[in-house]
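Subject: Structure handover

Hello,

Here is the structure for you to take over. My notes follow below it.

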Amino acid sequence: MALDSKVPSGPISDKWTNYKDHINLVNPANKRNIDIIVVGTGLAGGSAAATLAELGYNVKTFCFQDSPRRAHSIAAQGGINAAKNYQGDGDSTFRLFYDTIKGGDYRSREANVHRLAEVSTNIIDQCVMQGVPLAREYGGLLDNRSFGGTLVARTFYAKGQTGQQLLLGAYSAMNRQIGRGKIKSHTRHEMLDLVLVDGKARGIIARNLVTGEIERHSAHAVVIASGGYGNVFFLSTYAMGSNATAAWKIHKKGAFFANPCYTQIHPTCIPVSGDHQSKLTLMSESLRNDGRIWVPAKLEDAKAIREGKKKPADLSEADRDYYLERRYPSFGNLVPRDVASRAAKERCDAGFGVNKTGEAVYLDFAAAIQRYGKEQAYIKGLDSNDAKLIIKLGAAVIANKYGNLFQMYEKIVDEDPYTTPMMIYPAVHYTMGGTWVDYNLQTTIPGCFSIGESNFSDHGANRLGASALMQGLADGYFVLPYTIGDYLAPDIKTGTISTDLPEFVEAEKKVKAQIDQFMNNKGTHSVDYFHKKLGKIMWDKVGMARNAKGLTEAIEEIAVLREEFYKDVKVPGTADSFNQELEKAGRVADFLELGELFAKDALHRNESCGGHFREEYQSEEGEAQRDDENFAYVAAWEYKGKPSDAVLHKEPLVFENIKLVTRSYK
Ligand SMILES: Cc1cc2nc3c(=O)[nH]c(=O)nc-3n(C[C@H](O)[C@H](O)[C@H](O)COP(=O)(O)OP(=O)(O)OC[C@H]3O[C@@H](n4cnc5c(N)ncnc54)[C@H](O)[C@@H]3O)c2cc1C
């Protein structure tokens with residue numbers, strides 16, 4: 001099947017404007033007769049549902065949490081990008097577009113990224129109008145900070161709770177529509193299959209997670225906003241419930257899955273402490289605005305620190321290696337995440353790690369505390385030679401900026417980051433891959449759309465910090481509500497879709513059969529037992545560094561593990577009640593298929609780009625080596641029964657506005 005990205009022709013700066021002017025619109029009176037299902041009510045789904053309802057459509061939302069406001073989006077800490085140029089530091093739509101394409105290592109679709117940069121400014125206006133309390137400067141203007149991969153400050157934030165505040169904004173907008181009867185919200189419901197009628201997405205099968213009832217829901221279009229699939233690694237910074245089921249089920253029904261191997265490993269997470277863990281914690285990238293990353297310069301010092309014989313403060317400046325500042329003087333600690341993560345791994349692999357496992361580097365605020373302290377003393381006319389006072393004043397500035405993150409770190413690690421550097425290490429954080437979508441955000445199934453982290457669209461092989469919230473809200477507030485009309489316009493005469501159609505009956509039967517299979521299996525191992533095993537294969541062989549041998553082994557091992565899982569998984573409890581083990585079983589079953597496709601995709605991509613680092617393809621300095629001649633395309637996989645049989649389709653990436661060059665942050 002030929003992939004039609006539907007990208008309009010014309011100059012990049014006019015594409016979106018012209019396109020919107022020629023798109024099919026649905027008469028407002030007819031929108032009353034059109035139903036849209038939105039699966040997921042995080043930032044992408046919540047904003048889309050509220051906007052679609054505001055436009056007049058009937059919306060049905062689904063989420064597995066007890067409230068939309070508990071979506072994974074609530075965890076987002078650091079901020080959201082927008083090309084407002086409030087700092088007057090030379091930001092522009094083009095610069096945000098350029099930074100995002102370069103940050104993604106030239107593996108994203110130009111037209112989508114430019115549109116993202118264009119609508120980024122509207123998002124901030126929208127959220128301010130909703131009353132989202134974005135941080136302000138002393139004079140009352142919105143404040144900004146910097147995130148990785150940029151040389152301007154364009155990140156808007158609400159202390160360390162940006163996702164939570166933005167989600168409350170979207171949730172309020174949703175609630176207004178729930179109150180008007182335009183949104184029917186189904187919480188504690190999990191979508192378990194997509195229903196196609198005459199080749200079009202016409203509904204879903206969902207399980208009521210409280211009663212266990214299997215329900216049929218119909219609509220004229222289905223929007224998937226189910227988030228990312230990083231929990232395929234078991235340990236990650238994702239919310240425990242984040243999963244791939246909705247995206248994987250539509251894949252099995254015909255939606256191509258794009259670039260599954262593009263995963264983001266975030267450099268600043270609290271290191272793994274042992275086998276007992278089921279969750280990793282992110283320390284926001286915003287901390288890299290002020291924190292300096294280092295390891296001891298000498299192996300003997302690193303060893304002494306690991307053995308508890310030395311403390312970081314014992315090491316003089318000369319004995320520290322600020323390796324990011326050394327290797328990348330231009331961007332320093334603010335290089336993109338993939339670059340920072342690999343650099344941390346390189347130092348730790350070389351023996352310079354600073355915790356007991358040898359897998360940690362320092363993130364140190366001492367210099368920032370000094371700098372801010374002196375500035376405050378000067379402003380307040382106090383004694384700048386009083387060392388204790390400087391530290392007190394500087395720590396207060398840091399607390400004001402990052403207080404909740406420091407508190408979180410102290411609670412987890414039991415060390416005071418104001419007085420001793422934080423220890424951090426890379427962890428799985430985001431998935432750039434996802435369902436393939438065209439310019440309208442429609443998958444290869446007519447009437448099935450995918451938005452937010454669940455699609456592949458904007459970040460190429462590496463997402464820049466603070467760009468996920470931007471993309472989710474761009475898709476939800478400003479793109480999908482327009483583009484879906486183009487699809488729905490000819491659908492106004494269809495009338496209500498009956499859930500008695502044989503396609504619904506068939507899909508429901510299959511869902512029930514899988515549940516029965518799990519409940520009757522009577523195996524010997526818990527779901528987590530298999531999930532952990534999968535996670536270990538993924539981290540060891542499909543993680544931060546990959547090679548052909550490891551990937552080939554991973555593909556075989558995952559297929560074997562999947563068989564074992566079906567033979568030997570034990571799901572306690574019953575199917576007609578609240579049963580989280582049963583929920584997990586279905587999700588892990590999907591991860592066990594997705595994991596294999598993930599490895600297959602990584603194996604076929606014989607180059608290194610962004611978060612996809614193949615050890616065979618690196619420069620002498622250890623930097624990623626792309627192969628633009630052979631791999632400047634989106635890899636979109638078609639399901640054919642087994643992950644091993646998946647068929648590859650290529651969407652060539654055409655760069656008309658940005659020159660393809662080797663990425664450099666030096
Ligand atoms: C700790 C942390 C910090 C972050 N900080 C930032 C940041 O500062 N800036 C930034 O830009 N990004 C950040 N991110 C990334 C960002 O938070 C996410 O990429 C983004 O919130 C994803 O939004 P989403 O709406 O696409 O999906 P989610 O918020 O993951 O929402 C998914 C929704 O889908 C529902 N769902 C899933 N499957 C099903 C199913 N089968 N049936 C029914 N419902 C289903 C869920 O219930 C949920 O409502 C951070 C991520 C983490 C983990």
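**Salt bridges**

K84 and D125 form a salt bridge, with their closest N and O atoms 2.6 Å apart. This pair links distant parts of the chain, 41 residues apart. K84 sits in the loop between β3 (80-81) and α4 (93-103). D125 belongs to helix α5 (residues 110-130). The count of salt bridges comes to 53. Please keep in mind that this is a predicted model.

**The ligand**

The ligand is surrounded by 37 residues. The closest are Q65, S73, G78, E453 and L469.

Three backbone contacts are worth listing:

- L43: a polar backbone atom is 3.1 Å from an oxygen atom of the ligand.
- M191: a polar backbone atom is 2.8 Å from a nitrogen atom of the ligand.
- A225: a backbone N or O atom is 3.3 Å from an oxygen atom of the ligand.

How much of the ligand does the protein bury? Taken alone, the ligand exposes 1000 Å², and the protein buries 97% of that.

Four elements each give two or more residues to the shell around the ligand. They are α3 (43-55), β6 (189-197), β15 (422-431) and α13 (468-488). The largest share comes from β6, with three residues. L43, the residue with the 3.1 Å contact, falls within the range of α3. M191, with its 2.8 Å contact, falls within the range of β6. L469, listed among the closest residues, falls within the range of α13.

By class, the shell has 17 nonpolar and 17 polar residues. Three charged residues complete the shell. E453 is one of the closest residues to the ligand.

**Cavities**

Rolling a probe the size of a water molecule over the atoms shows where empty space is left. Here the count comes to three cavities of 30 Å³ or more. The largest cavity holds about 60 Å³ of space.

Which elements give two or more residues to the lining of the largest cavity? They are β11 (263-269) and α10 (337-349). α10 gives the most, with four residues. The residues lining this cavity include R337, D338, S341 and R342, and these fall within the range of α10. T263, Q264 and I265 also line the cavity, and they fall within the range of β11. The rest of the lining is N462, M544, G610 and G611.

By class, the lining has two nonpolar, six polar and three charged residues.

Best regards

Notes
Residues numbered from 1 in each chain as written. Predicted model: local features only at pLDDT ≥ 70, side-chain atom pairs only at ≥ 80, totals over all residues. Heavy atoms only, no water. 1 Å grid on protein atoms, 1.4 Å probe; cavity = no way out; pocket = protein on both sides within 12 Å on 5 of 7 lines; lining within 4 Å. Points joined across faces, edges and corners; volume = space filled by probe spheres on them. Nonpolar A, V, L, I, M, F, W, Y, C, P; charged D, E, K, R; others polar. Near = heavy atom within 4 Å. Polar contact = N/O pair within 3.5 Å; in protein donor to acceptor, adjacent residues only side chain to side chain. Areas by Shrake-Rupley, 256 points an atom, 1.4 Å probe, with all protein chains shown as cover. Salt bridge = Lys/Arg side-chain N within 4 Å of Asp/Glu carboxyl O.
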